[in-house]
Amino acid sequence: MISRRVCVISLAVGTLLATGLPVSAKSKQNNLIRMLDTDNDGTVDLAEAKAAASATFDRLERDKDGTLDQHELSRRLSAKELAAADPDHDGTLTKDEYLAVVEQRFKAADPDNDGTLDAKELNSSAGRALMRLLK
Ligand SMILES: [Ca+2]
Ligand SMILES: [Ca+2]
Ligand SMILES: [Ca+2]
């Protein structure tokens with residue numbers, strides 16, 4: 001699957017409708033949304049989160065053995081979280097396993113269950129846990 005990010009990135013620059021959003025502290029979060037929001041609808045859906053996570057996986061996967069170990073994951077997952085996400089208990093995550101954690105965290109960050117994350121949801125503790133896997 002090829003990300004649509006490349007073609008949409010130029011659109012994202014032009015469409016900055018920050019009117020309804022208070023507080024300057026939010027602007028960092030908005031940058032985050034714009035970075036992930038490849039269809040430019042103002043929210044992050046699961047496909048967008050997974051596309052970002054997949055790119056992050058490839059970036060973190062320095063020794064190119066196809067999996068992320070605790071060292072490569074750094075502090076994105078605790079040892080306990082890694083163990084829970086690692087059904088074959090070999091101490092590493094394949095991309096599928098990594099994306100499964102992303103999906104779990106996405107759902108945890110989407111309490112209204114509408115399939116998208118807005119700025120407020122991304123900024124919740126569950127949303128921030130998700131973001132750690134995406135960047
Ligand atoms: Ca979107
Ligand atoms: Ca590796
Ligand atoms: Ca939502």
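Q: Donors are N, O and S atoms within 2.8 Å of the metal (3.2 Å for Na, K and Ca), and water is not among the atoms, so sites may look incomplete. With that in hand, which residues coordinate the calcium ion (ligand 2)?

A: A word on the model before we look. It is predicted, with local features needing pLDDT of at least 70 and side-chain atom pairs counting only at pLDDT 80 or more, while totals for chains, interfaces and linings use all residues. Residues are numbered from 1 along each chain as its sequence is written, chains are lettered from A and ligands numbered from 1 in the order in which they are written, and side-chain values use heavy atoms, leaving out hydrogens and water. Now the site: the calcium ion (ligand 2) is held by Glu61 (OE), Asp63 (OD), Asp65 (OD), Thr67 (O), Glu72 (OE) and Glu72 (OE), at 2.2 to 2.7 Å. Read along the chain, these donors are spaced E-x1-D-x1-D-x1-T-x4-E.

Q: And what are the protein donors of the calcium ion (ligand 1)?

A: Asp37 (OD), Asp39 (OD), Asp41 (OD), Thr43 (O), Glu48 (OE) and Glu48 (OE), lying 2.2 to 2.4 Å from the ion. Here the spacing reads D-x1-D-x1-D-x1-T-x4-E.

Q: Why does the arrangement around the calcium ion (ligand 1) get the label it does?

A: It comes down to angles. Four donors are tetrahedral if all angles lie between 85 and 135 degrees; four are square planar and six octahedral if opposite donors are over 155 degrees apart and all others between 65 and 115; anything else is irregular. Around the calcium ion (ligand 1), the 6 donor atoms subtend angles of 53 to 157°, which makes the arrangement irregular. The site of the calcium ion (ligand 2) is irregular as well, with angles of 50 to 158° among its 6 donor atoms.

Q: How do I read the burial of these donors? Take Asp37: buried or exposed?

A: Use relative accessible area: under 20% is buried, over 50% exposed, and in between partly exposed (1.4 Å probe, protein chains only). Asp37 is buried because its value is 3%, whereas Asp41, at 44%, is partly exposed. At the calcium ion (ligand 2), Thr67 is buried at 14% and Asp63 is partly exposed at 45%. Zooming out, 39% of the 135 residues of the protein chain count as buried.

Q: How many helices and strands should I see in the protein chain?

A: Elements are DSSP runs numbered from the N terminus, with helices being H or I of at least four residues and strands E of at least two. The protein chain has 8 helices and 4 strands, running α-α-β-α-β-α-α-β-α-β-α-α from the N terminus on.

Q: Where is the largest nonpolar core, and which residues have the most contacts inside it?

A: In soluble globular proteins, nonpolar side chains tend to be buried together. A nonpolar core is a set of buried Ala, Val, Leu, Ile, Met, Phe, Trp, Tyr and Cys residues joined through side-chain atoms within 4.5 Å. The largest one here has 28 residues, and Tyr98, Val102 and Leu134 have the most contacts inside it. Helix 2 (26-36), helix 3 (46-60), helix 5 (79-85), helix 6 (95-108), helix 7 (119-122) and helix 8 (125-134) each supply at least two of its residues. Counting contacts as heavy atoms within 4.5 Å, Val102 touches Ala49, Lys50, Ala53, Leu130, Leu133 and Leu134, leaving aside residues up to four places away in sequence.

Q: Which residues of helix 6 are buried?

A: Glu97, Tyr98, Leu99, Val101, Val102, Arg105 and Phe106.

Q: How many salt bridges does the structure hold?

A: Look for a side-chain nitrogen of Lys or Arg within 4 Å of a carboxyl oxygen of Asp or Glu. The structure holds 4 such pairs. One of them joins Asp58 and Lys95 (3.0 Å, N to O), linking helix 3 to helix 6 across 37 residues. Asp58 is partly exposed at 39%, as is Lys95 at 26%. Another pairs Glu81 with Arg105, their closest N and O atoms being 3.2 Å apart; Glu81 sits in helix 5 and Arg105 in helix 6, 24 residues apart. Glu81 is partly exposed at 36%, but Arg105 is buried at 10%.

Q: What about Glu103 and Lys107: by how much of the helix are they separated?

A: About one helical turn, because they are 4 residues apart in helix 6. Salt bridges that share partners join Lys50, Glu103 and Lys107 into one network. The closest N and O atoms of Glu103 and Lys107 are 3.1 Å apart. Glu103 is partly exposed at 24%, while Lys107 is exposed at 55%.
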